[in-house]
Amino acid sequence: MFKEMGRASQAVLVILYVLRTVKAFEMEIIPAERIVAQIGGTLILTCNTTGCASPSFSWRTQMDSPLGGKVNNHRTYSTLTMDPISIVNAHSYLCTVICDGRGKKEKSVKVELYSFPSDPIIEISSPVVAGKPATVTCKIPDVYPSDHLEVLLKKDEHILHEKYFLEDDSTNTETKTVTYTFHPKAEDNGKEITCVARLPIADMDFEPKERTSSQKLNANFGPQNTVIIASPGNSSMEGDSLNLTCVTWSNPPAQIVWSKYLAEESIQHLIKNNVLSIPRVHFNDSGRYICEVINLVTNKTEKATVDIIIQGAPVITKLSIEPSTTVQEGENVSIQCSAESNPPPKIILRRKSDTADRGTYSARSILLPSVMFQNGGDYECVAENKYGNSKSEITLNVKYGPKNTMITVFPTAALKEGETVTMKCTSSGNPAPVISWKKKKATGESEKISKNATITIQNLKSQDLGLYECEASNQFGKEEKAVKLYVQARLEEPDQMIPLIIAFSSVAAVAVPAVAILIYVSRQAKINGSYSLVKALRLKV
């Protein structure tokens with residue numbers, strides 16, 4: 001009996017084991033029930049079975065539309081691959097599995113599609129000029145469904161524009177465009193223009209649902225607020241360095257041209273640079289400087305000016321004699337002195353040999369009409385102000401013919417025959433005159449006897465009597481002076497001797513006075529025995 005009961009228990013255990021090893025016929029779809037996919041991507045639906053050795057698979061859409069994919073059946077599973085996913089794949093897909101002897105099973109999965117593949121594209125009209133209309137365009141490529149699309153345009157954190165596509169009925173992917181026109185300001189340069197695109201679909205789980213793109217705003221403006229900065233300042237001392245910096249606000253950077261006002265409203269163009277540097281300033285660097293800035297994009301120009309004053313001790317810029325430093329007596333002569341300084345200098349022009357009072361002819365010039373030889377010499381120009389003084393000299397060389405020709409006789413006391421007499425001829429002139437002596441012969445002809453200024457006659461004899469002429473000459477003229485030497489023989493009385501008499505006169509007044517003098521001398525000699533005309537007249541020429 002116990003053996004039978006044992007066999008029965010074993011049979012039950014075998015049945016239970018077989019029941020446990022035979023699996024139930026089941027199926028599933030992966031992913032299950034609902035899948036969100038992006039258009040253009042790849043989606044694989046998988047249909048799995050268990051409990052069926054040789055299942056039969058089939059796929060279809062609930063609306064019996066084309067599958068829009070490729071089916072691959074394997075032993076226990078089947079796949080439906082959609083690559084790429086397109087709008088035609090927006091369906092519910094049904095997978096049917098038939099297992100011989102075990103029945104049929106079906107399950108479905110809903111494929112929901114969206115498209116938000118890339119960041120927005122920003123385009124800004126060019127060139128952007130402050131104060132003029134500028135257009136911003138934001139493009140959102142291949143978006144779906146567009147009726148959920150929201151677009152914001154921002155300038156930094158300030159919202160420029162918003163747009164919602166709620167009424168859009170597009171059935172496929174489309175590139176949506178948002179355009180906005182605004183008037184940028186100069187201060188907007190460098191700010192970011194941002195396009196924010198959102199696709200908020202509440203019951204669809206995908207990322208990202210927001211995409212942004214930014215672009216810096218290159219706003220062209222100016223030039224404006226142009227100023228000149230002078231370093232170390234508008235007023236400098238002569239010899240110092242000076243830097244003028246032109247500062248302006250402009251985009252793109254403006255071209256800068258420096259110039260300076262000259263006399264008669266003319267303009268001197270200097271350099272094209274924002275800094276004008278003068279290493280050592282001079283008085284003539286004083287004046288009004290102009291900085292002109294030009295923006296070639298905005299086609300605008302602006303100017304700034306600054307007045308520069310250079311101060312310092314005077315500098316004599318000109319000391320001249322016209323027509324020349326060497327002139328001929330009688331010409332018209334002008335002596336000019338110019339100096340520059342700030343404050344303006346006091347100028348004194350004078351001849352150095354004159355006293356301070358007599359020598360100050362005028363502030364800046366001396367006019368010498370029909371110049372005389374006495375006007376020649378060194379002239380001095382003195383310029384002074386509170387910072388110091390400056391001096392300069394120039395020489396006026398006056399050329400003239402011989403003047404003041406004189407004959408001097410030594411000795412001037414009574415002379416006796418056999419003694420020595422010396423005659424010296426002097427004359428002034430520029431250049432120095434050449435002196436020569438001639439003696440009149442009895443025939444009236446002149447004989448050159450010496451080229452020296454001084455002649456000496458020794459052992460005076462009667463044949464030495466006659467008219468002696470001194471001639472002083474240079475290239476500008478000549479002048480003559482004469483002296484007549486009288487020599488008489490001895491008287492009969494042995495102790496008496498007629499002295500040698502000497503008389504002086506110019507050539508123009510020799511004849512008549514000479515006869516009168518001769519008569520006078522003869523009478524006196526008879527009375528006194530001898531007489532010295534030199535002693536009596538004491539003539540000086």
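In the predicted model, strands β9 and β11 pair in the antiparallel sense, over 4 bridges. Within this pairing, E123 stands opposite T137 of β11. Strands of a sheet pair through backbone hydrogen bonds, in either a parallel or an antiparallel sense. The two strands belong to an open sheet of 3 strands, ordered β9-β11-β14. Pairing in this sheet is antiparallel. Strands β9 and β14 form the edges, and each of them pairs on one side only. From one strand to the next, the twist averages 15°.

The strands of this sheet also contribute to the largest nonpolar core, which contains 27 residues. Two or more residues of this core come from each of β9 (121–124), β11 (134–143), β12 (150–155), β14 (174–182) and β15 (192–198). Strand β11 gives the most, with 5 residues. Within the core, I140, L149 and L199 touch the most other members.

The surroundings of I140 can be listed in detail. Leaving aside residues up to four places away in sequence, I140 touches F116, P120, L149, V151, E174, T175, K176 and A197. One of these contacts, L149, is itself among the core residues that touch the most other members. I140 lies within the range of β11, and E174, T175 and K176 lie within that of β14. V151 falls in β12 and A197 in β15.

A second core is separate from the one described above. This second core has 24 residues, including L45, C47, F57 and C99.

Methods. Residues are numbered from 1 along each chain as its sequence is written. This is a predicted model: local features need pLDDT of at least 70, side-chain atom pairs count only at pLDDT 80 or more; totals for chains, interfaces and linings use all residues. Side-chain values use heavy atoms; hydrogens and water are left out. A nonpolar core is a set of buried Ala, Val, Leu, Ile, Met, Phe, Trp, Tyr and Cys residues joined through side-chain atoms within 4.5 Å. Buried means under 20% relative accessible area, exposed over 50%, partly exposed in between (1.4 Å probe, protein chains only). Contact means heavy atoms within 4.5 Å. Two strands pair if DSSP finds at least two bridges between them. Axes are lines fitted to C-alpha atoms, for helices over the stretch in contact, and angles run from 0 to 180 degrees between N-to-C directions.
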